[in-house]
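Please open the model in your viewer and keep the sequence panel beside it, since each stop on this tour begins with a selection to make.

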Amino acid sequence: MLVSTFTLGELYLGIEILLVREINRSMECTPVPGSPDYIRGMLNIRGRVITLFDLRRRLGWSDKHDATTNKRKQYNVIMKTRSEVIQINRQIGEARCPWQDPVGLVVDQLGDVLEISDDNIQPPPANLRGIAAQFVRGVVEFDRSLLVILDVAKVLGVDAKAA
Amino acid sequence: MSEEDDELLGMFVQEAVEHLETIEPDLLTLEENGPDTERDIINRLFRGVHSIKGSAGFFGLTAISKLSHIMENLLGKVRDDPSVASAAVSDSLLAGLDKLQTMINDVSNSESVDASEQVAVIQALLNTLEGGSPPAPAAAKPPEPPPLPEETAPEESAPEEPPPEEAEAGPGETASEEGEPEALPEELEAGSGEAAPEEPEPGSQASNLPAVVTRGVDLRNLELFRQALITAVQHGQMFFVVTLNLPLEREDRKSHYAKIKALMESVGQVVATNPDISGDPDLTKVSLDTLEILMATVLEQDLLQTLLQVPADQISEVPIPPHLARAVPPPPPRAAVPPPPAAVAMPTPAPTPGALEMVAVAAGPALMEPSHPAIAAPHRPRLVKPSVRPAKSSPAKNTEAANSAAAKGAPSVEETLRVSVSLLDELINMAGELVLARNQLTRAAGEVTVHHPNIGPLVQNLDSITSRIQEKVMQARMQPVSVVFNKFPRIVRDLARKLGKKIDLELRGGDVDLDKSVIEHLSDPLTHMIRNVADHAIEEPETRIEIGKPEAGRVELAAYHENGMVNIALIDDGAGIDPNKIKLKAIEKGQITESQADAMSDEEALYLVFAPGLSMAKKVSDVSGRGVGMDVVRTNVEKLGGTVHLESKVGKGTRVVLKLPLTLAIIPAMIVSSGNQRFAIPEIGLVEIVRVAESDRSSQIETVGNAPVLRLRNMLLPLVNLADVLGIQKVVPVEESEIPDRRERLPDRRSPGKPKSRDLRMTGSRRPSMPEDRRENSDRRHPGSLVAYVMVLNVGGNEFGMVVDEVLDSEEIVVKPLPSFFKDNICFSATTILGDGTVSLIIDYAGVMEQANISFSNVERATRMDLDAERREALRDRQNIILLETDTGLLMGIVHSMVRRVEKISPNLLVTIGGLPYVRYDGKTFRAIYPDQVLGLQGTGLSVDPNADEDDNDLCMVVPNIPDIQAGLIFARIIDTREINIELDTRAITADGLFGSTLLDDRVITFPDVNRVFDLAGIMSPHPEPEFDGSGLRALVVDDTPFLRVLTATYLKGVGFEIDQAEDGQMALTMLKTGTYDLLVTDINMPLMDGFELASEVPTTMHSDIPMIATTPSISSELEEKCARAGFVACVPTIDKKRLLRVVSALQPANGF
């Protein structure tokens, strides 16, 4: 499968590219009062209201981490919605894309698009740092570094079964 | 299951639901009319259930197919002999229908639904009904009436016989039986007689068809089967020739044929066979290995094929020749073209009414004849005169579309297309985007137009097209309210039965369209309301008879358009709501106190039914009475942006009206900012916007029981700060300590992106929705007057104030759903995209209120009811004035009610005629008056306005609210409008024509007597001031507004009266009881005791014949009448000095003073 990679601090992360709709530079968004701190706000992209998740906060990183980043240089990874994914691949859509609303994840840096064989994906090691195991679909060893494949549904807090 | 199957299954469900929608009302009709039920309806029922059965079988949904099968059997019985349509039958069918609905709504689990009970009930009925008849249900042949046995028994049919004879035999027999006119068979005969020789159609028809076997009878020559043809045409049947492959073994042949025949007769009838086997029931003599069967059925070819399980090429439709069809209306013939059915609408000339009627009569008896699954005109609404209706109905095919259209009461043949809602939503979305882009383009085009003048019209064109697109797209989402209405006959029937009442429900306006989203949310509130009506409003039948009402309660549910909204009214002729009982109940529940109840009008009391937890049912039943009803109704309706109105008369009935917007997709909203963020506040429910300057804060906002409240006219309004509720920033408007905090935020609020606000140049009228009133300028001029805006909102009849920092704009916003991640947040209802492309949240005020935990019973009720003294105080405080500055820098305040309008005029409109200045404005010439010159007061020069536009030399002309005076006061500019407490100082500055002065923000404001100013300036009103000497007379002037009181007093003093003043009716009454007065001049609108109440109390004093004059800010003939009735000698506008004095002088002779 093709994976779109990016970094978050020291962490090297990947998302299955089929789930990604587009990536753009972080821009001003509208905060939603009363929402969890990991929801940065809402963004208008061509008439669609996108809910932006701040991945750093979602992973529970403290503000100390935040201080090292410049928000303006971050990127929004906009995900496809369930119906969009289902149009392309019904099976993946139903299994791994339970979110119905347009959403985006805020990340630090963009990486390459990599082809990864499913066989190489391993369960996350117990000592994985910076990210809770529940958000990890699996890891891939890659150039001495570890690529963490995100379980986007878990990151968004959407139950795959509920959808 | 594959994707395609999924899709097909979806279609099945959709279709089945549509069938169910028709079946239900039809079953109710069946129940109501029993054996007299129209044939059409029974046939439609049969067909609907049959289609469900057929398709369910296709998908292997055995549970559905089993249940619908047995229902179909029972319906078959009814169709064969309507006299069996007992209450038990319709009950069992309705029960079956409910089960069927459950199964279809959750089709994937339908197999696990247990329908055995319903099946057993129906089976039991069937068993009783059958009593020895042959197993094939549709083949049952009751002995009576005996028309056309030929049709059902092909063995006996003799195709060679001349058809006319048959035609005569059939209807003739039954007609005589029923005593119908004899002319009928002739009519038919004539029709056929004409047709036959004219067109040798049969031959050409046959040659067009695939040649099969031509030996023996030509089954495709329908001329030969005229009788069957007549029946078929009347019943909307079609003819098919089915070619049957016969097994080689002769013994098998018989059973094979019998099986097929039974199948065929379950859905239609076998007309003839080729070769003719009437004398050969065992088919032993048939030498061929194929048998052609001509059958008539209502089924479509594909359905028939599914049923018979024969290859498609072995079934061919035999079109009914037009000339034959024409002779026999109503005519739903299948054209030669196979599906799509919508395309085959065959022109069928409407027969003359006379002929039609007779044929329709003929159809009556013919319909009695057994085993005809005829559907005839599926779009025919029930309970209409059968004799006329078919002529009007077009030959709509028995397609699903036509059928569902019929169910919705729309006899339209307009072509329709199924479009998924998500596609429509997307279209709406994009139309919204288009509007946004259009707005941006229009803005940008402003600059470009200078260089490219031809851009203008292009943009305008785009503008109008965009608006039209948006409108049409919105229309596409509209659905008729009958979608909701149609489920109520059933609900009412069930309720009436359960409660032992009789209720007639009448539906009107089912074709009124509403947005799908509104329709979807309408069902629950309406169901609640209907249940309420059935349960409490309609009396028991005995009671109704006793009190002289018809036994059956009448309930009307109507939809209609009014004022751009859709009204849905539920009217009953039941017991009505007794306001006193409601009050008692509310007191019992602790929702109001007794003193509140006493103060409450009956109308107010009625609205208590909307309070949560108040149930008027005497006992809790499973129908209603748990106190969750009307409050839910109101909440739901208000969520839709609608309102609920209630009228009721005890013993007469109740009328509840829901006023709903046509659509929810685009709403007008105010864009406000709070805590540095912008929000949209829907304008529905927004009552007014009150601006509170920092300097006025302490006087206008105070704390009652920990909660900040705003004094607004005669009530205290609970306040919430939007930013606080949302947890954005800590800003408490009441506490002075917060000021530094607010200052800090000031630069933020004036972010560079926003346009600099203009100075306020507008009429002095109260403009609650004045978005541009942003105040930076005046802020600077009057330090310390940081402002907040209070949005006065109405939620469920309770008002509260939401404090925001700024009011930015009023926009039509496109509502977009709130992402599901925020669904828990009750403060937001949806999102929208603002003109600049940023996303904004739409505030749900009910949620804000809930979040802020405002309890109206604590704050508002208490304050509203019991604070006489405070209210008096609060009222005294407020006076709406317009602040103006003359070009010499003199500040003047004019009470807003004295001003008709304020015009901004360009200096070049000023002309001098005969040495006097005039203004040409709006086609009229106004005499220009410089008030400072007239009063002999000059200021120290125009104050410097740092924000004033250099080029802005425009002047302000104040046109006073005095009739017949065409003159205006000229000022350099308008500074502000304020609601302040005027403490008029009548000593510091005195001049003729000046009421006095006051200090405001450290500047002296003078208050001119506008009437006197015009007098001094020599402007004479066309009517000279009446001469009057009031010396030695004493008048009591009553007005709650101190300023106006002073004004009236000044006028009267001017003609010699001695004046006493009172600030409300109560005070005046006390004074009238102790003092001696010759004249009473009172304001009408006052707190505590208004002018009318005062007038009614005056006779109890010693001044029972004192002349009374009413004053009012605005006068109307209605008000004048009311005043006259109340005993006032006249009603005059408060500031109209001349009119007041005229009235006073007219009193003189009559009253001797």
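## Chain B as a whole

Begin by selecting chain B, where 43% of the 1153 residues count as buried. The model is a predicted one, and everything described along the way should be read with that in mind. Colouring chain B by secondary structure will bring up 40 helices and 38 strands. Among the contacts in chain B with a separation of 6 or more, 70% are between residues 24 or more positions apart.

## Three helices in succession

Select residues 39-58 of chain B, which form helix 2, together with helix 3 of chain B; the two pack at an angle of about 155 degrees, and their axes lie 8 Å apart. Helix 2 of chain B is therefore roughly antiparallel to helix 3 of chain B, because an angle over 145 degrees is counted in that way. The crossing of helix 2 of chain B past helix 3 of chain B is left-handed. To see where they meet, show side chains on helix 2 of chain B, including B:Ile42, B:Phe46, B:Val49 and B:Lys53, and on helix 3 of chain B, including B:Ile64, B:Ser68, B:Glu72 and B:Leu75. Sorted by class, this contact of helix 2 with helix 3 of chain B comprises 10 nonpolar, seven polar and three charged residues.

Now keep helix 3 of chain B (residues 62-80) and add helix 4 of chain B (residues 87-105), which packs with helix 3 at an angle of about 155 degrees, the axes being 10 Å apart. Helix 3 and helix 4 of chain B are therefore roughly antiparallel to each other, and helix 3 of chain B passes helix 4 of chain B in a left-handed crossing. Among the residues that make this contact are B:Leu67, B:Met71 and B:Leu74 of helix 3 of chain B, and B:Leu93, B:Gly96 and B:Met103 of helix 4 of chain B. The residues of this contact between helix 3 and helix 4 of chain B fall into 11 nonpolar, two polar and one charged.

## An open sheet with a helix on it

Move next to the open sheet of chain B whose four strands follow the order 2-3-1-4, with antiparallel pairing. Which strands are at the edges of this sheet? They are strand 2 (268-274) and strand 4 (315-318) of chain B, each of which pairs on one side only. On average, and with direction ignored, neighbouring strands of the sheet are turned by 30 degrees against each other.

Within the sheet, select strand 1 of chain B (residues 238-245), which pairs with strand 4 of chain B in the antiparallel sense over four bridges; B:Phe239 has B:Val318 in strand 4 of chain B as its bridge partner. Then add helix 12 of chain B (residues 301-308), which packs on the sheet and touches strand 1, strand 3 (290-297) and strand 4 of chain B, its direction making about 140 degrees with that of strand 4 of chain B.

## A hairpin and a parallel neighbour

Select residues 916-921 and 924-929 of chain B, which are strand 27 and strand 28; they run antiparallel and are joined by four bridges. B:Tyr918 stands opposite B:Arg927 in strand 28 of chain B. Two residues lie between the strands of this hairpin of strand 27 and strand 28 of chain B, and B:Asp922 takes a positive phi near 55 degrees.

Extending the selection to residues 967-971 adds strand 30 of chain B, which runs parallel to strand 28 of chain B and is joined to strand 28 by three bridges. There B:Leu969, in strand 30 of chain B, is the bridge partner of B:Ile929.

## Chain A and its contact with chain B

Finally, select chain A, which has five helices and 10 strands, and in which 37% of the 163 residues count as buried. The contact between the chains takes 16 residues from chain A and 23 residues from chain B. On the side of chain A that touches chain B, strand 4 (39-45) and strand 5 (48-54) of chain A each supply at least two residues, and the largest share, four residues, comes from strand 4 of chain A. By class, the residues on this side of chain A are seven nonpolar, seven polar and two charged.

Note on methods: Residues numbered from 1 in each chain as written. Chains lettered and ligands numbered in written order. Predicted model: local features only at pLDDT ≥ 70, side-chain atom pairs only at ≥ 80, totals over all residues. Contact = placed C-beta atoms within 7 Å. Nonpolar A, V, L, I, M, F, W, Y, C, P; charged D, E, K, R; others polar. Axes fitted to C-alpha atoms, helices over the stretch in contact; angles between N-to-C directions. Parallel < 35°, antiparallel > 145°, perpendicular 65-115°, else oblique. Left-handed = near helix turned anticlockwise from the far one by under 90°. Buried ≥ 20, exposed ≤ 12 C-beta atoms within 10 Å, placed from the backbone. Pairing = 2+ DSSP bridges.
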